[in-house]
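Visitor: I've got a new structure to look at and no idea where to begin. Can you walk me through it?

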Amino acid sequence: MTREVRESGGGWWCAGVRWPGEVPELGWSRGGRRRVSVLAYGAGLGFRAVGERHCVGARGNVCPLGAVVPGRSTGGRCAECARLDRAHSVAADTMADDPRTYRVYLAWFGPGLVKVGITGEERGAARLREQGAVAFSWLGRGPLMAARRTEEVLRAALGVPDRIPYARKRVERGRLPDTDERAAEVAELYARAAALEGRGWPESLERLPLEVVDQVGIFGLDRAPESESEPEPESEPEPLPASGPVRAVRELVDGGVVAGRLVAAAGPDLHLAVAGGGVVVLDTRLITGWDLAAESGSDVRVPLIDIGGGGVQGGLF
């Protein structure tokens, strides 16, 4: 990211992590212009926040007020832009005549931590990667309102939520069971959901076969980060230890530095190996709206918080 920050200087703001494919990208914006930088595991990533954090606007438009927003906000928008952004989202149920095909999915984030959701079929699995779903399976496909109705039926009948606080996902990601156990829990939920056909399941929603997709490898969570003070190993790295990262960035501040080596990424989170060993998690939703200057090396000089220790931002994703 050091190179990307340098090349994106002169008023470019980071728009956070995107997952159009199986490789994460950082989005950048300057007025109405857009660009992306592809991220690579093992590469250096570093920046220094400059000045104040400003609203990122809504639906690709610049905030007309140029409003300053709090450093701990995961939305990065002022109240007015947040309202406009929400009003045009699928979740707001204001697009009943949307002609596109939607898919219903079952997402798994950790033992007992599952949710149901919908996404546009043309987006593929991008939505699942954006949310940091460790494993998932498609359940059905059809018109928007049929997909939305199925989502509601599953929530009511199975007690499955449509939203999970992101802090909980982060905690569970550090203590994942093996692949078979992850797949078994998704399959069990799929069987319970499929049994509801004929009992509130909309006829216009086509059920899709069970196919569990595991994204641990895509996220890099199966690769253990070596200490920054040690040379690169010649052999393949071992799986991540059960403990996982224990610290996360709470917020950026003027002059605050975040620099390390990217070892994993899941949803909006980047896992950075830092000096002295250990991994710090950076939620890239916290860096939107900041002017960023390039930094090299391995250092973190911003407020941190223990993962699972309380006080982590509770944004739903």
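Guide: We'll start with the whole chain, then go residue by residue. Keep in mind that this is a predicted model.

Visitor: Fine. How many helices and strands are there in the chain?
Guide: The chain has 7 helices and 16 strands.

Visitor: And what share of the residues count as buried?
Guide: The chain has 317 residues, and 48% of them count as buried.

Visitor: What about the accessible surface? How much of it belongs to carbon and sulfur atoms?
Guide: The accessible surface is about 14,200 Å². Carbon and sulfur atoms hold 50% of that.

Visitor: Which contacts link residues that sit 24 or more positions apart?
Guide: I can give you their share. Take the contacts in the chain with a separation of 6 or more: 69% of them join residues 24 or more positions apart.

Visitor: Let's go inside. Which residues of the largest nonpolar core touch the most other members?
Guide: That core has 55 residues. Phe47, Leu139, Leu154, Leu252 and Val258 touch the most other members.

Visitor: Which helix gives the most to this core?
Guide: Helix H4, residues 144–158, with 6 residues. The core also draws on two domains, taking at least three residues from each. Domain 1 covers 40–85 + 242–306, and domain 2 covers 102–219.

Visitor: Why would nonpolar residues gather like that?
Guide: In soluble globular proteins, nonpolar side chains tend to be buried together.

Visitor: Pick Val258. What is it in contact with, away from its neighbours in sequence?
Guide: Leaving out neighbours within four places, Val258 contacts Leu45, Gly46, Phe47, Val249, Leu252, Leu272, Leu282, Asp299 and Val302. Apart from this core lies another one, of 11 residues. Its members include Tyr105, Phe109, Leu113 and Leu208.

Visitor: New topic. Which residues of helix H5 are buried?
Guide: H5 runs over residues 166–173. Tyr166, Lys169, Arg170, Glu172 and Arg173 are buried there. They cover an arc of only 170 degrees around the axis, so they lie on the same side of H5.

Visitor: What covers those buried residues of H5?
Guide: Several strands do, including E5 (101–110), E6 (113–120), E10 (247–249), E11 (257–266), E12 and E13 (279–283).

Visitor: Tell me about Arg173. Is it buried or exposed?
Guide: Arg173 has 8% relative accessibility, so it counts as buried. Beyond four places in sequence, Arg173 touches Phe109, Gly132, Tyr166, Leu221, Ala266, Asp269 and His271.

Visitor: Asp269 is on that list. Where is Asp269 in the chain?
Guide: Asp269 is in strand E12, which spans residues 269–273.

Visitor: Why does Asp269 count as buried?
Guide: Because its relative accessibility is 0%.

Visitor: What does the side chain of Asp269 make a polar contact with?
Guide: The side chain of Arg170, at 2.8 Å. Past its neighbours within four places, Asp269 is in contact with Tyr166, Arg170, Arg173, Ala264, Val281, Leu282 and Asp283.

Visitor: Switching again. Where is Trp19 found?
Guide: Trp19 is in the loop between E1 and E2. With 1% relative accessibility, Trp19 counts as buried.

Visitor: A buried loop residue. What lies 2.9 Å from a polar atom of its side chain?
Guide: The backbone oxygen of Gly267 lies at that distance from the Trp19 side chain. Other contacts of Trp19 include Pro24, Tyr41, Arg129, Glu130 and Ala265. Trp19 and Glu130 are 111 residues apart in sequence, but 6.1 Å apart in space, C-alpha to C-alpha.

Visitor: And Gly21, where is that?
Guide: Gly21 is in the loop between strand E1 (13–18) and strand E2 (25–30). Gly21 is partly exposed, with a relative accessible area of 25%. The C-alpha atoms of Gly21 and Ala125 are separated by 8.2 Å, with their positions 104 residues apart along the chain.

Visitor: Last one: Ala265. Which strand does it lie in?
Guide: Ala265 lies in strand E11. Ala265 counts as buried, because its relative accessibility is 0%. Not counting residues up to four places away, Ala265 touches Trp19, Pro24, Tyr41, Phe219 and Leu270.

How values were computed
Residues numbered from 1 in each chain as written. Predicted model: local features only at pLDDT ≥ 70, side-chain atom pairs only at ≥ 80, totals over all residues. Heavy atoms only, no water. Helix = DSSP H or I, 4+ residues; strand = E, 2+ residues; numbered from the N terminus. Buried < 20%, exposed > 50% of the residue type's maximum accessible area, 1.4 Å probe, protein only. Polar contact = N/O pair within 3.5 Å; in protein donor to acceptor, adjacent residues only side chain to side chain. Contact = heavy atoms within 4.5 Å. Areas by Shrake-Rupley, 256 points an atom, 1.4 Å probe, with all protein chains shown as cover. Core = buried A, V, L, I, M, F, W, Y, C linked by side-chain atoms within 4.5 Å. Domains from an automatic or database assignment. Arc of directions from axis to C-beta.
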